[in-house]
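Please open the model in a viewer and keep the selection panel at hand. The tour below proposes one selection after another and describes what each one shows.

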Amino acid sequence: MSMIFTLASEPEDEARETGRLLFAGPVDFVKGVTSMAALPPADRIEVCFAGRSNVGKSSLINALTGRKTLARASNTPGRTQEINYFALGEARYLVDLPGYGYAEAPVAIVARWQALLKQYLAGRPTLRRAFVLIDARHGVKAVDQEILTLLDRSAVTFQIVLTKVDKINRTERAAVIEQVKGALAKHPAAYPQIVVTSSEKGEGIETLRAIIATLE
Ligand SMILES: Nc1nc2c(ncn2[C@@H]2O[C@H](COP(=O)(O)OP(=O)(O)OP(=O)(O)O)[C@@H](O)[C@H]2O)c(=O)[nH]1
Ligand SMILES: [Mg+2]
């Protein structure tokens with residue numbers, strides 16, 4: 001069976017409004033955790049943002065919540081070193097994950113983060129969807145494939161979010177979308193719609209808000 005991958009369409013008015021309202025409400029940093037034992041109680045739907053170091057995870061959380069400095073974004077790869085929990089009222093947790101594939105960090109530290117990342121992705125019962133961010137300039141790489149395979153095995157639905165599309169032109173955009181579609185073909189846990197975003201310009205942000213707000 002082959003899956004048909006498409007771009008996420010613009011949300012219907014009602015979903016857009018549901019998304020707007022959710023993200024206009026209170027957003028609070030809950031805690032940063034470095035072990036599974038320290039995760040908050042699994043009492044609500046949560047979504048996480050995974051991706052290579054520097055792909056734009058923290059920036060996307062800031063764009064979604066309209067708070068410029070909620071999640072720490074930085075030019076220094078490997079900035080987010082904990083699993084950071086943000087609460088959207090009592091409705092949702094947004095989870096900012098440490099980046100993977102960052103070669104410069106000390107090996108022992110990398111091994112510790114990666115172990116935690118994998119435990120989290122495979123073992124969180126309320127994780128409803130993992131957004132896996134892919135830099136639109138680079139497409140899906142081998143390290144991304146490793147994470148996608150882990151999500152397949154854990155039966156966690158994941159959705160690809162292309163980031164930083166403001167940095168590429170139309171031709172490059174079409175090419176990277178084709179590359180992503182090809183890379184997803186062998187992943188049963190892939191959600192069939194790709195979201196194209198720019199945290200800088202706001203593209204795709206309302207769409208992603210609506211997706212998160214309407215998850216059941
Ligand atoms: N032009 C542009 N730059 C972006 C966008 N999103 C993020 N960036 C930049 O990319 C760099 C990394 O962004 P972060 O949000 O810190 O990336 P991260 O994935 O959280 O990184 P780690 O926490 O280190 O894994 C920063 O310099 C951001 O300003 C975007 O949509 N457009
Ligand atoms: Mg970060």
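Contact, in what follows, means heavy atoms within 4.5 Å. The model is a predicted one.

**First stop: helix 1**

Select residues 13-24, which form helix 1. This helix of 12 residues reaches 16 Å from its first C-alpha to its last, close to the 16 Å expected at 1.5 Å a residue. Now colour A15, G19, L22 and F23, the buried residues of helix 1. Seen down the helix axis, these buried residues fall within an arc of 90°, so they line one face of helix 1. An α-helix has 3.6 residues a turn, so residues three or four places apart point the same way. Turn the view to the face away from the buried side, where the exposed residues D13, E14, L21 and A24 are carried.

What do the buried residues of helix 1 pack against? Their partners are strand 2, helix 2, strand 4, strand 5 and helix 6, the last of these being residues 205-213.

**Second stop: helix 6 and its two crossings**

Keep helix 1 in view and add helix 6. At what angle do the axes of helix 1 and helix 6 cross? The crossing is at roughly 85°, and the axes come within 7 Å. Helix 1 is thus roughly perpendicular to helix 6. From helix 1, the contact is made by A15, R16, T18, G19, L22 and F23; from helix 6, by E206, R209, A210, I212 and A213.

Next, add helix 2. The axes of helix 2 and helix 6 come within 10 Å and also cross at roughly 85°. Helix 2 and helix 6 are therefore roughly perpendicular to each other. In this contact, L60, A63 and L64 of helix 2 meet I205, L208, R209 and I212 of helix 6.

**Third stop: the sheet**

Select the strands. They form an open sheet of eight strands with mixed pairing, in the order 1-8-7-6-3-5-4-2. Strand 1 (6-7) and strand 2 (27-33) stand at the edges; each has a single partner strand, so one side of each is left without a neighbour in the sheet.

Begin at the edge formed by strand 2. Strand 2 and strand 4 (residues 83-88) run antiparallel and are joined by six bridges. Within this pair, D28 stands opposite A87 in strand 4. Helix 2 (residues 57-65) packs on the sheet, where it touches strand 2, strand 3 (45-51), strand 4, strand 5 (92-96), strand 6 (127-135) and strand 7 (158-163). The direction of helix 2 makes about 140° with that of strand 3.

Move to the edge formed by strand 1. Strand 1 pairs with strand 8 (residues 193-196) in the parallel sense, over two bridges. To find this pairing, select L7, which stands opposite I194 in strand 8. Strand 8 is also joined by two bridges to strand 7, and these two strands run parallel. Here L162 stands opposite V196.

**Fourth stop: helix 3**

Select residues 107-123, which are helix 3. At 1.5 Å a residue, its 17 residues should span 24 Å, and the end C-alpha atoms are 24 Å apart, which agrees. Which residues of helix 3 are buried? They are V110, W113, Q114, L116, L117, Y120 and L121. These residues cover an arc of only 165° around the axis, which puts them on the same side of helix 3. The face turned away from that buried side carries the exposed residues V107, A108 and R112. The buried residues of helix 3 pack against strand 2, strand 3, strand 4, strand 5, strand 6 and helix 4 (142-154).

**Last stop: three loop residues**

Select P98 in the loop between strand 5 and helix 3. P98 has a relative accessible area of 3% and is buried, the cut-off being under 20%. Add N54, in the loop between strand 3 and helix 2. P98 and N54 are 44 residues apart along the chain, and their C-alpha atoms are separated by 9.8 Å. N54 counts as partly exposed, at 35% relative accessibility.

Most residues other than glycine have a negative phi. In N54, however, phi is positive, near 80°. A155 is not a glycine, yet it has a positive phi of about 55°. A155 lies in the loop between helix 4 and strand 7. Is A155 buried or exposed? At 65% relative accessibility, A155 counts as exposed.

How values were computed
Residues numbered from 1 in each chain as written. Chains lettered and ligands numbered in written order. Predicted model: local features only at pLDDT ≥ 70, side-chain atom pairs only at ≥ 80, totals over all residues. Heavy atoms only, no water. Pairing = 2+ DSSP bridges. Helix = DSSP H or I, 4+ residues; strand = E, 2+ residues; numbered from the N terminus. Axes fitted to C-alpha atoms, helices over the stretch in contact; angles between N-to-C directions. Expected span 1.5 Å × (residues − 1). Buried < 20%, exposed > 50% of the residue type's maximum accessible area, 1.4 Å probe, protein only. Arc of directions from axis to C-beta. Parallel < 35°, antiparallel > 145°, perpendicular 65-115°, else oblique.
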